[in-house]
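Q: Could you take a close look at one part of this model for me? I'd like the aromatic rings first, and then whatever surrounds them.

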Amino acid sequence: MAGTASAEGKLGRVPLSEPLNSFWFAYETLAKASRETAWGLVVTDARYPRIYDANHAGVVDAHPGLTLRDIRDELLPELDAVGCPYEHIEFLDGDEATADCPAFRELRAAMPDSTPDALMVFEPGDVPEPAADARIAEEPLEDELWRAYRDSRTEFGEDLDEGVLDQLVERDRDVLVPAGLRIFAARVEGKIAGFASLMSMAGVGYVDNVVTLTAFRRRGIASAVVSRVVRASRQAGDELCFLFAENGMAPQRIYERLGFRTRQLAYGFTRPRS
């Protein structure tokens with residue numbers, strides 16, 4: 001790959017305020033290869049070709065002259081090189097300025113059912129402790145956890161085959177954990193009932209992989225685990241804590257009750273390559 005992106009280069013245009021900008025850059029460059037373009041960043045990782053968000057384009061300058069062909073000219077040769085069967089293009093800023101971008105409009109027309117994610121930031125204040133009949137703690141990264149964690153990835157509603165599940169867990173275990181990933185679990189009568197993860201980088205805590213296993217839903221598990229992770233982020237000294245939630249859906253309202261507020265919208269467009 002041709003070089004590595006510099007935080008002092010074109011990425012200064014990224015439509016994220018600090019310290020989110022620095023987190024985004026640090027997180028993306030955990031991949032095997034990252035290359036700066038005129039409009040953003042192309043990220044690929046030959047270790048995990050089946051994971052679409054490990055092999056994608058991140059558009060940070062969705063200007064009125066940017067076409068989908070411009071993005072694909074940069075992205076597709078990189079996907080060919082690692083054997084990724086998906087095309088995944090992210091727009092970090094789904095606000096009005098993005099709507100003027102031809103590439104964004106073309107992708108929206110091709111995939112009209114794509115919904116934005118709300119980037120939600122925890123506002124300063126006390127972290128609530130929702131009631132839940134569960135013990136919540138950071139889990140030791142042992143075989144029991146990884147088995148349950150792997151199985152939980154299907155709880156997000158995606159139809160993931162065994163190969164994809166293996167690569168998702170391998171990336172978390174072999175790349176993200178050494179970079180600081182922590183996993184918190186809720187247990188009910190000794191059984192794992194739900195998860196959330198915390199990634200702290202550049203003074204920012206990123207809450208991800210929030211899931212309650214089917215048998216334990218509607219018992220306040222997700223709220224309790226997220227609150228515990230926010231407290232852990234604060235204890236780690238993070239300046240800011242954020243997460244993504246599908247815009248307009250029930251989890252977004254849950255996070256609002258916990259103190260998160262939507263900062264901006266982000267779109268991800270994913271489709272199999274023909």
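How many aromatic pairs does the structure hold?

A: Quick housekeeping before the rings. This is a predicted model, so local features need pLDDT of at least 70 and side-chain atom pairs count only at pLDDT 80 or more, while totals for chains, interfaces and linings use all residues. Residues are numbered from 1 along each chain as its sequence is written, and side-chain values use heavy atoms, with hydrogens and water left out.

Now the rings: the structure holds 17 aromatic pairs. For pairing, rings of Phe, Tyr and Trp (its six-membered ring) need centres within 6.5 Å; planes under 30 degrees apart are stacked, over 60 edge-to-face, and the rest tilted.

Start with Phe104 and Tyr267, an edge-to-face pair with 5.1 Å from centre to centre and 80 degrees between the planes. Phe104 sits in helix H4 (residues 102-110) and Tyr267 in strand E11 (residues 260-272), so this pair ties together parts that are 163 residues apart in sequence. The helix and strand labels are DSSP runs numbered from the N terminus: helices are H or I with at least four residues, strands are E with at least two. Phe104 and Tyr267 are both buried, where buried means under 20% relative accessible area, exposed means over 50%, and partly exposed is in between (1.4 Å probe, protein chains only).

Next up are Trp146 and Tyr149. Their ring centres are 5.5 Å apart with the planes at 75 degrees, so that pair is edge-to-face. Here the partners share helix H5 (residues 143-152), and because they are three residues apart they are separated by about one helical turn. An α-helix has 3.6 residues a turn, so residues three or four places apart point the same way. Both Trp146 and Tyr149 are buried.

Trp146 also leads on to helix H6 (residues 162-179), where Val177 has its place. Not counting neighbours within four places in sequence, Val177 is in contact (heavy atoms within 4.5 Å) with Leu141, Trp146 and Asp172. Val177 is partly exposed, at a relative accessible area of 22%. Asp117, 60 residues away from Val177 in sequence, is 25 Å from it in space, C-alpha to C-alpha.

Then there's the cluster: ring pairs link Phe23, Tyr27, Tyr206, Phe242 and Phe244. Helix H1 (residues 20-28) is mostly covered, with seven of its nine residues buried. Among those buried residues are Phe23, Trp24 and Phe25, along with Leu20 and Glu28. Just ahead of that helix there's a backbone detail to check: Glu18 and Pro19 are joined by a cis peptide bond, with omega at about 5 degrees, and Pro19 belongs to the segment before H1.

While you're on the backbone, two residues have positive phi without being glycine. Asn209 has phi near 55 degrees; its place is in strand E9 (residues 204-212), and at 9% relative accessibility Asn209 counts as buried. Glu189 has phi of about 50 degrees and lies in the loop between strand E7 (182-188) and strand E8 (191-201). At 80% relative accessibility, Glu189 counts as exposed.

Back to strand E11 for a moment, this time by way of His88, which lies in strand E4 (residues 86-91). His88 is buried, with a relative accessible area of 5%. Beyond its neighbours within four places in sequence, His88 contacts Tyr52, Asp53, Asn55, His56, Ala57 and Leu75, plus Gly268, Phe269 and Thr270. Met201, on the other hand, is 113 residues from His88 in sequence and 24 Å from it in space, C-alpha to C-alpha.

Finally, the wider setting. The chain's secondary structure comes to eight helices and 11 strands. A compact globule of 274 residues would have a radius of gyration near 19 Å, and the chain's 18 Å agrees with that; the radius is taken over C-alpha atoms, and the globule rule is 2.2 Å times the number of residues to the power 0.38. Along the principal axes, the C-alpha atoms fill a box of roughly 55 × 40 × 35 Å. Buried residues make up 49% of the 274. Of the contacts with a separation of 6 or more, 70% are between residues 24 or more positions apart.
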